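This briefing covers one protein chain, topic by topic. Please read it alongside the sequence and the structure shown here.

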Amino acid sequence: MELSLKTIAVSILLINAACNTGKSVAADQNEQEMKQSIESDYSGEGFTKVLMTGTKSVDCPFILVMDGSNEKLDPVNLEDEKFSIDKKEGASIWIRFQRLRRANRCPEANPVQILEVKQ
């Protein structure tokens, strides 16, 4: 009798845990779908998603790494007041940019001028 009560109690706990796991997976999938729909809106407007990385160089304090191609960009006008973005390592932002034909400040990145930023 005592063994069957323990078995029933353990079974109920396992079934309850399994039900809650399914709910969290569904919630995570919905959240990912919402993020993807938001991101696709910006890419349709001509923006490129980049990841902000810091450097120790005085000439180029930040390098932007393009999502997908891993091309490195050196934004020459990122410090302008009109770009009120949170400049921290690992931040993902959307930019519209123009390539510049000038000497590189950073040996590993190509110089670009940022035209517009969305976070």
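Two strands are taken to pair if DSSP finds at least two bridges between them. On that basis β2 pairs with strand β3 (residues 72-75), because the 2 bridges that join them meet the requirement of at least two. The model is predicted. The protein chain holds 1 helix and 5 strands, in the order α-β-β-β-β-β from the N terminus.

**Whole chain**

- Of the 119 residues in the protein chain, 24% are buried.
- The exposed area of the chain is about 8,400 Å², and carbon and sulfur atoms supply 53% of it.
- Among contacts between residues at least 6 apart in sequence, 56% join residues at least 24 apart.

**Strand β2 and its partners**

- Strand β2 spans residues 62-66 and is mostly covered, with 5 of its 5 residues buried.
- Burial applies to both faces of β2: F62, L64 and M66 lie on one side, and I63 and V65 lie on the other.
- Strand β1 (residues 48-54) runs antiparallel to β2, and 5 bridges join the two.
- Within the pairing of β1 and β2, L51 stands opposite V65.
- β2 and β3 also run antiparallel, and here L64 stands opposite L73.
- β2 and β3 form a hairpin with 5 residues between them.
- The turn of this hairpin contains G68, which has a positive phi of about 100°.

**Nonpolar core**

- The largest nonpolar core has 15 residues, and those touching the most other members are M52, L64, L73, I93, I95 and V117.
- β1, β2, β4 and β5 are the elements that give two or more residues to this core.
- In soluble globular proteins, nonpolar side chains tend to be buried together.
- L64 appears in several of these groupings: L64 is buried in β2, faces L73 across the hairpin, and is among the core residues that touch the most other members.
- Beyond its neighbours within four places in sequence, L64 is in contact with V50, L51, M52, E71, K72, L73, P75, I95 and I114.

**Disulfide**

- How many disulfides does a search of the whole structure find? The search finds 1 disulfide.
- The disulfide joins C60 to C106, with an S to S distance of 1.7 Å.
- The two cysteines come from distant parts of the chain, 46 residues apart.
- C60 sits in the loop between β1 and β2, while C106 sits in the loop between β4 (92-99) and β5 (110-118).
- Both C60 and C106 are buried.

**K118 in strand β5**

- K118 lies in strand β5.
- Is K118 buried or partly exposed? K118 counts as partly exposed because its relative accessibility is 24%, and buried would mean under 20%.
- Leaving out residues up to four places away in sequence, K118 touches Y42, E45, F47, I93 and W94.
- With E45, the contact is polar and runs from side chain to side chain, at 3.2 Å.
- I93, another residue that K118 touches, is 25 residues away along the chain, and the two C-alpha atoms are separated by 6.2 Å.
- I93 is also one of the residues that touch the most other members of the largest nonpolar core.

Notes
Residues are numbered from 1 along each chain as its sequence is written. This is a predicted model: local features need pLDDT of at least 70, side-chain atom pairs count only at pLDDT 80 or more; totals for chains, interfaces and linings use all residues. Side-chain values use heavy atoms; hydrogens and water are left out. Helices (H or I, at least four residues) and strands (E, at least two) are DSSP runs, numbered from the N terminus. Buried means under 20% relative accessible area, exposed over 50%, partly exposed in between (1.4 Å probe, protein chains only). Contact means heavy atoms within 4.5 Å. Accessible areas come from the Shrake-Rupley method with a 1.4 Å probe; for residues, only the protein chains shown count as cover. A disulfide is a pair of cysteine sulfur atoms within 2.5 Å. A polar contact is a pair of N or O atoms within 3.5 Å; within protein, one must be able to donate a hydrogen and the other to accept it, and residues adjacent in sequence count only if both atoms are side-chain atoms. A nonpolar core is a set of buried Ala, Val, Leu, Ile, Met, Phe, Trp, Tyr and Cys residues joined through side-chain atoms within 4.5 Å.
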